[in-house]
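Reader: Before we discuss the assignments, could you put the structure on the screen and then take me through the reasoning behind each label?

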Amino acid sequence: MTAEAAAGRQIWLVRHGETEWSRDGRHTGRTDVPLAEIGREQARMLGPRLAGHPFALVLTSPRSRASETARIAGFADVLVDDDLCEWDYGAYEGRTTAEIQAENPGWSIWAGPWSGGETVDEIGARADRVIARCLDPAIDGDVLLFAHGHFLRVLGARWIALPAVGGAKLALGTATLSVLGWERSNRVIETWNEAGPTGSVPRA
């Protein structure tokens, strides 16, 4: 699809509601941690913010924290896309940045190493596939995605032609709304990290 043909199509991004692990800053990739009660309330508050907008396609990560956020927000018929999964943290799954840095001073998910997990380029490739699906000419309208913090930060970076590591500059709290769009034929971020009444600030 050419930029001219796609101009005007928006991609709306929702990070799932809070879980116990996201509250504590624990890297949550493959582990299927459910929404906490505040996360379910955040999802309910998202509903009215999304209800008035028509979407041609709604996709979710297969992880329950994302799919449950979608369901509670009013999107029960959402389609699952495995490419929307969170970063695979490998050996660092379930650990906080401080715990990891105690063993590896200066470590960052953006710089690695990624012991047994995905590299930043691998998650960037997944983000590119999601963008390509959202811009498919067969889709006539805007797209809504329910996914995860690190993945959506990478997707935002790739949307504006930054390398995947550019996601390090795009903080994203739980239950926040972001909108990717266009200025003429240029991809832009129209809204980023917009929290509702019960939304959270980003956590390390």
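Author: Let us start with Arg 44, which counts as partly exposed because its relative accessibility is 38%, where partly exposed is the range between buried (under 20% relative accessible area) and exposed (over 50%), with a 1.4 Å probe and protein chains only. This is a predicted model, in which local features need pLDDT of at least 70 and side-chain atom pairs count only at pLDDT 80 or more, while totals for chains, interfaces and linings use all residues. Residues are numbered from 1 along each chain as its sequence is written, and side-chain values use heavy atoms, with hydrogens and water left out.

Reader: What makes the pair of Arg 44 and Glu 41 a salt bridge?

Author: The rule asks for a side-chain nitrogen of Lys or Arg within 4 Å of a carboxyl oxygen of Asp or Glu, and the closest N and O atoms of Arg 44 and Glu 41 are 3.0 Å apart, so the pair qualifies. Glu 41 is partly exposed, with a relative accessible area of 29%. The two residues are three apart in helix α3, and therefore separated by about one helical turn; helices here are DSSP runs of H or I with at least four residues, strands are runs of E with at least two, and both are numbered from the N terminus.

Reader: How many salt bridges does this rule give, and what is the status of Glu 103 and Arg 95?

Author: The count comes to twelve. Glu 103 and Arg 95 form one of them, their closest N and O atoms being 2.8 Å apart; Glu 103 is called exposed because its relative accessibility is 53%, whereas Arg 95, at 21%, counts as partly exposed. Arg 126 and Glu 118 also form a salt bridge, with closest N and O atoms 2.8 Å apart, and both of these residues are buried. Salt bridges that share partners join Glu 37, Arg 40, Glu 41 and Arg 44 into one network.

Reader: Why is Thr 176 called buried, and which backbone oxygen does its side chain reach?

Author: Thr 176 has a relative accessibility of 1%, and so counts as buried. This residue is found in strand β5, residues 176–183, and its side chain reaches the backbone oxygen of Gly 173 at 2.6 Å. By contrast, Ser 185 lies in the loop between β5 and β6 and is partly exposed, because its relative accessible area is 35%.

Reader: What makes β3 and β6 edge strands?

Author: Six strands form an open sheet of mixed pairing in the order β3-β2-β4-β1-β5-β6, where two strands pair if DSSP finds at least two bridges between them. β3 (79–80) and β6 (186–195) each have a single partner strand, so one side of each is left without a neighbour in the sheet.

Reader: How do you know that β2 pairs with β3, and which way do its side chains point?

Author: Strand β2 (residues 57–60) and β3 are joined in the parallel sense over two bridges, and the pairing rule asks for at least two, so the pair qualifies. The bridge partner of Leu 59 in β3 is Leu 79, and that of Thr 60 is Val 80. β2 also pairs with β4 in the parallel sense, over four bridges, and there the partner of Thr 60 is Phe 146. Leu 57 and Leu 59 point one way from β2 and Val 58 and Thr 60 the other way, and all are buried.

Definitions and conventions. A polar contact is a pair of N or O atoms within 3.5 Å; within protein, one must be able to donate a hydrogen and the other to accept it, and residues adjacent in sequence count only if both atoms are side-chain atoms.
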